[in-house]
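Got the model open in your viewer? Switch to a cartoon view, keep the selection box handy, and we'll go from stop to stop.

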Amino acid sequence: MNRRAIGTGCLSCAGVIVTVLLSGLIHLSTRVGHAAAADALSALLTSRIRGTAQIDEITHLGLDIEMRGFRVTAPSGTRVISVDRMSTTFRPIESLERGAIVLFPCDLEGGGMRISRGPGDQIDLVHAMEVPADRWMPDVQIRDIRLLHQTMTFALPGVPGEVELANVYGLADMTLGHRFACRMDRVNGYVNVPIVHLGFRQLNGRIRSDDATPLVVRMILDLEVVEPSMEIRYRAPQVVGRRGAGSMSIALGVDVPDERHVATRRGAATR
């Protein structure tokens with residue numbers, strides 16, 4: 001099947017979804033219609049990914065989409081994603097060109113992500129967001145994501161306690177499908193590790209499927225020392241069939257990519 005045929009299928013699938021949900025909004029009162037749309041989209045997402053998706057309310061639905069209270073829970077029972085408010089725009093032309101459902105720009109406000117160990121040393125968030133091989137869904141590409149007041153919690157073996165990135169603002173791109181990928185650039189906030197609370201800036205990192213090192217995050221710390229940079233890295237050899245156990249490490253004084261390398265076409269997010 002060629003790329004244009006796949007793209008046409010993506011548009012048809014997206015068109016059916018939007019038509020059904022809009023029909024509910026037209027025939028029901030606004031509040032009931034929004035709740036019905038949220039329930040329908042939650043059920044659709046849950047039927048495709050490994051995790052369980054829940055949306056409290058869809059406040060706008062068309063090419064522009066806005067929802068409140070979006071959450072994903074992994075099969076382990078861990079809530080891996082929560083967003084207080086999400087807004088984005090469906091792009092039919094780009095979807096046709098790329099053979100995927102393309103959404104941009106996108107704002108994710110409030111809530112956060114929990115990065116913990118899942119099956120086979122994979123990251124639980126990655127495991128929950130992947131589409132299993134026996135299910136079909138076109139890739140969903142979310143571009144120009146602006147992170148607003150997010151919290152990222154790293155609870156992985158190798159480091160005692162949890163590492164928390166709080167009050168996170170920055171940029172990201174994300175792809176959902178049989179493989180999951182997320183890239184972050186120009187992110188800033190505060191890092192909380194046992195006993196230490198420091199500001200950070202210029203964070204660059206990625207999380208992805210099918211990699212012996214599925215997580216790498218580098219940042220500049222607001223600290224007056226010779227090497228104020230820090231890297232968080234999680235190695236998971238079992239993900240690619242190698243021997244060993246998953247382990248997270250923290251290193252100081254590492255190279256951080258040039259801040260001009262950004263994931264999105266937007267400028268850096270501001271507080």
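Start at the hairpin of E9 and E10 and select Asp210: there are six residues between the two strands, and Asp210 takes a positive phi near 50°. Bear in mind as you click around that this is a predicted model. Phi is worth a look here because most residues other than glycine have a negative value.

Next, select Asp211, also in the loop between E9 and E10. Is Asp211 buried or exposed? Its relative accessible area is 16%, and the cut-off for buried is under 20%, so Asp211 counts as buried. Show its side chain and follow it to the backbone nitrogen of Thr213, which it reaches at 2.7 Å. Now display the neighbours: leaving out residues up to four places away in sequence, Asp211 touches Arg206, Ala236, Val239 and Val240.

Now colour the two strands of the hairpin. E9 covers residues 196-208, and it pairs with E10 in the antiparallel sense over six bridges. Then add E11, residues 229-235: E10 and E11 also pair in the antiparallel sense, again over six bridges. Val217 is a handy place to see both pairings. On one side, Gly205 stands opposite Val217; in E11, the bridge partner of Val217 is Ile232.

Stay on E10 and select residues 215-221. How many of its seven residues are buried? Six are, so the strand is mostly covered.

Leu215 deserves its own click. Phe154 and Leu215 have the most contacts inside the largest nonpolar core, a set of 63 residues. Which residues does Leu215 touch, not counting those up to four places away in sequence? They are Ile115, Ile123, Phe154, Leu156, Arg206, Ile207, Ile232, Arg233 and Tyr234. Notice that Phe154 is in that list, and that Arg206 turns up here as well as around Asp211. As background, nonpolar side chains tend to be buried together in soluble globular proteins.

Time for some charges. Still on the E10 and E11 pair, show the side chains of Arg218 and Glu231, which meet in a salt bridge at 2.8 Å, N to O. This pair links distant parts of the chain, with Arg218 in E10 and Glu231 in E11, 13 residues apart. Compare their surroundings: Arg218 is partly exposed at 23% relative accessible area, whereas Glu231 is buried at 9%.

Jump to Arg85 and Glu109 for another one, with a salt bridge of 3.0 Å, N to O. Here too the pair joins distant parts of the chain: Arg85 sits in strand E3 (residues 79-90) and Glu109 in strand E4 (residues 101-109), 24 residues apart. Arg85 is buried, at 16%, while Glu109 is partly exposed, at 34%. Add Asp107 and Arg146 to the selection, and you have a network of salt bridges linking these two with Arg85 and Glu109.

While E4 is on screen, select Pro105, which is also in that strand. The peptide bond from Phe104 to Pro105 is cis, with omega near -15°. For context, most peptide bonds are trans.

Move on to strand E8, residues 181-193, and pick Arg186. Phi of Arg186 is near 50°, a positive value in a residue other than glycine, and this residue is partly exposed at 26% relative accessibility. Now select Asp185, which forms a salt bridge with Arg183, the closest N and O atoms being 3.4 Å apart. Asp185 is buried, with a relative accessible area of 1%; Arg183 is partly exposed, at 33%.

One more backbone stop takes you back to E9, where Gln202 is found. Phi of Gln202 is near 55°, positive in a residue other than glycine. Gln202 is buried, with a relative accessible area of 18%.

Finally, zoom out to the whole chain. You should be able to find four helices and 12 strands, and the structure holds 14 salt bridges. Of the 271 residues, 49% count as buried. Taking contacts between residues at least 6 apart in sequence, 54% join residues at least 24 apart. Turn on the surface to end the tour: the chain exposes about 12,900 Å², and carbon and sulfur atoms supply 53% of it.

Conventions
Residues numbered from 1 in each chain as written. Predicted model: local features only at pLDDT ≥ 70, side-chain atom pairs only at ≥ 80, totals over all residues. Heavy atoms only, no water. Core = buried A, V, L, I, M, F, W, Y, C linked by side-chain atoms within 4.5 Å. Buried < 20%, exposed > 50% of the residue type's maximum accessible area, 1.4 Å probe, protein only. Contact = heavy atoms within 4.5 Å. Pairing = 2+ DSSP bridges. Polar contact = N/O pair within 3.5 Å; in protein donor to acceptor, adjacent residues only side chain to side chain. Salt bridge = Lys/Arg side-chain N within 4 Å of Asp/Glu carboxyl O. Areas by Shrake-Rupley, 256 points an atom, 1.4 Å probe, with all protein chains shown as cover.
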